[in-house]
Amino acid sequence: MRVITVIEPPRGWLRLNLSEVWRYRDLLTLLIWRDLSARYRQSVVGYGWAFIKPIVSVLIFATVFGGLAGLPSDGIPYPLFALAALIPWSYFSASLAGVSTSVTSGGHLLTKVYFPRLILPLSSLGAGLADLGLQLVLLFGFLLWFGICPGWPVLLLPVFILYAVVASLAFGLWLTALNVRYRDVGHAVPFLLQAWMWLSPVVYSSTLVPPRWRWLYDLNPLVGIIDGFRWCLLNTAQPRAASFFLSLLMVAFTLVGGVIFFRRQEATFADMI
Amino acid sequence: MPPIIRIHNLGKKYRLGETHAASLRDLVNSAVSRCFGRQSPLQSGLPNFRQADRDRFDDAGEFWALKELSLEIHPGEVVGIIGRNGAGKSTLLKILSNIVAPSTGRIELAGRVASLLEVGTGFHPELTGRENVYLNGTILGMTKSQVRRRFDEIVAFAGVDTFIDTPVKRYSSGMTVRLAFAVAAFLESEILIIDEVLAVGDAEFQRKCLGRMQAVSESGRTVLFVSHNMPSVRALTTRSIVLSQGKLRFDGATENAIDCYAQENSVTRSVAISVTDRDRPFDGLTGEVRFESLEVEQVAPYVEGSEVPILIGVRSQRPAERFIVGLTVFRRDESPVGSCFSPPLAPPPQDAVAQYRLTIPAQQLTPGSYHCAISLAEARSQGRRLQDSLTDVLSFEIEPGPLQSQGWPAAWGPIRFPEMRLLPAHPSVVPASFDSIAYLKS
């Protein structure tokens, strides 16, 4: 069978060709696996770091915000309250940072071999999932310790995990494509994440937000994700469906726009790196 | 048979500056310049390209790395791509490999392309050899099961079987390269594109790679092969194309292509350098008869075995006698190689400059960079008198000839003496035998 490949100057604005990404799925899994298996090599604590990081953060948050500031935590012990939010938040922030630099740091691959460029941001979503899984184990340990039993909503947890994955991809795609042209993005992302954390109910409860501003606040997809995690694991109030779907809609738009933008830009990646 | 690669009117342009990461500052700068009607810094500041390269800019200040290239390649052909650095070879390979997009034109490929533009792309030092083979194979476009099928062959070809489960960071650089080439050597594709990768590895491995590539081409696959190493181009290909200034200069038999490439190298003229204001190494030179300009005729390297023509301008302030030019050639490390003298030359007329064309008899110089010291002595009746002297002038380069496959280590010295002569055996010399050695020892 003769497969004719045509190489032409890029034109048009819709070149999704997602089937090609599927054909390269072996590369995607191997890149994820490379990140995972190289991650903690030559480190004594190894995957222990996946536990140490959230535990230290929880200790700090519990002391400062739970203890000193006395922030309400919806009737849940504060460490548990913070951990349930930290798990999706640290996944989101690490993935967003990873996705936004994925193309520039994969420059050596990009200029030497052809593969669908979407593989690069997709592959940086994977490695964090291992940490997230380990941290969930830690959280279930906490639940046992505090004697809390999650109800049926725990079955919906994978939905919220998936939502976190999709949200970090949606925003990351824009950032990584922009970062190729304007390296300023790489410098701005840490600040963006810092601000984003305070705009998300990580250390405080979303019920503290005045109802007047709630609609705006809910547009932040992290609100839905974190409240979803707490609902699934800690039996807190169910997130409001209307605002949840509104933020879902926004993420969907960001994602579709991000994929289109990325594919439009990718033809020039190798020229600009 | 329809061609497997059809390239039509291919072009690739770069806007200067776009190759660098534009920052917001650039954006603001160019917006400000536009508002005030000034030229943007990108347009005003064309870097110092050689004159020939300036022709590759169009009116909009865009640089054409590749222009109006049309080419057809048939299945089973092995085509060499040769040209000087910057001629557009790598750009062509990158477009064919779908890494960068062309600006104009069209390519049709009737088959899968595997390209090896670099050895060991994506190797991760922390991972073992085995893990890297899988990773590198999939990066180059194989599926996991394809890698698994060829795994034993790859490891055997690389000769690293005992270390296959050791992290690659513990490998010697030679082992890494061998393993990386081995992965690429077993790619399954109809079109194989190879860029200069044979420059790595030791001589024995290079032979092995050449053998493997020969096998690939004999199996009916199409190979595009870029190299500066003319012997391997000659050994592997029958057809070659020569790229020059981003355009197709020649397409045909490899022998003729190599000739064309060598010719093209010799057409670049240099510019005479005025030396009137240069410092002289000695005091007490009258400067009455002195060098005005010095020039090596071509900028591009000379092929080993050729003479190096030079052009010198001499001015005399008074009626002068015949004079002799003395010249010492130095290696890059300032060690002298040897000297030569001109025959007595007729003096220039008073207050005028005369040009003399001389040769440096450099036929025995081996590849490398050289420069000269030059002096001028008037042959007066009371003996020679030094009139002018200059150091660190007339630099030129010698490159290996197209037929020279062997390298020339610096330790062998800068001179290749003529081939040794075999003399008829002298009747009184008894050939050395074990007996005579034993005799000498006792």
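In β4 of chain B, B:Ile107 is the bridge partner of A:Ile7. This pair belongs to a connection between the two chains in which strand β1 of chain A, residues 5-7, is joined to β4(B) by 3 bridges. The two strands run antiparallel. The model described here is a predicted one.

## The interface of chain A and chain B

The contact between the chains draws on 36 residues of chain A and 47 residues of chain B. About 3,700 Å² is buried between them, and carbon and sulfur atoms give 59% of that area. On the side of chain B, the residues that lose the most area to chain A are B:Asn98, B:Ile99 and B:Ile139, which together account for 14% of what that side buries.

Polar and charged links also cross this interface. The rule finds 2 salt bridges there. In one salt bridge, the side chains of A:Glu8 and B:Arg106 meet at 2.9 Å, N to O. Residue pairs in polar contact across the interface, both at pLDDT 80 or more, number 5.

Several elements of chain B contribute to the side that touches chain A: β1 (5-15), α1 (24-35), α4 (89-96), β4 (104-109) and α5 (129-139) each supply at least two residues. Of these, β4(B) gives the most, with 6 residues. By class, this side of chain B consists of 22 nonpolar, 14 polar and 11 charged residues.

Helix α4(B) deserves a separate description. It is largely enclosed by the rest of the structure, because 6 of its 8 residues are buried. The buried residues are B:Lys89, B:Thr91, B:Leu92, B:Leu93, B:Ile95 and B:Leu96. Just after this helix, B:Asn98 takes a positive phi of about 70°. B:Asn98 is also one of the residues of chain B that lose the most area to chain A.

## Chain A

The secondary structure of chain A comes to 12 helices and 1 strand. From the N terminus on, the strand comes at the start and the helices follow. Of the 273 residues in chain A, 52% are buried. Among the contacts in this chain between residues at least 6 apart in sequence, 80% join residues at least 24 apart.

A:Asn220 offers a local example within chain A. Its place is the loop between α9 (211-218) and α10. With a relative accessible area of 11%, A:Asn220 is buried, because the cut-off for that class is under 20%. A polar atom of the side chain of A:Asn220 lies 2.9 Å from the backbone nitrogen of A:Leu222. Beyond its neighbours within four places in sequence, A:Asn220 is in contact with A:Trp196, A:Leu199 and A:Ser200.

## Positive phi values in loops

Two residues other than glycine, one in each chain, have a positive phi and a place in a loop. A:Asn235 has a phi of about 60° and is found between α10 (221-234) and α11 (241-266) of chain A. B:Gln245 has a phi near 55° and lies between β8 (239-244) and β9 (247-253) of chain B. The table sets out their values.

| Residue | Phi | Relative accessible area | Class |
|---|---|---|---|
| A:Asn235 | about 60° | 41% | partly exposed |
| B:Gln245 | near 55° | 28% | partly exposed |

## Further features of chain B

Chain B contains an open sheet of 5 strands in the order β12-β18-β17-β14-β15, with mixed pairing. Its edge strands are β12 (302-303) and β15 (336-341), each of which pairs on one side only. Strand β12(B) pairs with β18 (residues 383-399) in the parallel sense, over 2 bridges. Within this part of the sheet, B:Tyr302 stands opposite B:Ile398 in β18(B).

Elsewhere in chain B, B:Val177 has its place in helix α7, residues 173-185. B:Val177 is buried, with a relative accessible area of 18%. Although B:Val177 and B:Val119 are 58 residues apart in sequence, their C-alpha atoms are 6.5 Å apart in space.

Conventions. Residues are numbered from 1 along each chain as its sequence is written. Chains are lettered from A and ligands numbered from 1 in the order in which they are written. Side-chain values use heavy atoms; hydrogens and water are left out. Contact means heavy atoms within 4.5 Å. Buried area is the accessible area (1.4 Å probe) that two parts lose on being put together, summed over both. A salt bridge is a side-chain nitrogen of Lys or Arg within 4 Å of a carboxyl oxygen of Asp or Glu. A polar contact is a pair of N or O atoms within 3.5 Å; within protein, one must be able to donate a hydrogen and the other to accept it, and residues adjacent in sequence count only if both atoms are side-chain atoms. Helices (H or I, at least four residues) and strands (E, at least two) are DSSP runs, numbered from the N terminus. Ala, Val, Leu, Ile, Met, Phe, Trp, Tyr, Cys and Pro count as nonpolar, Asp, Glu, Lys and Arg as charged, and the others, Gly among them, as polar. Two strands pair if DSSP finds at least two bridges between them. Buried means under 20% relative accessible area, exposed over 50%, partly exposed in between (1.4 Å probe, protein chains only).
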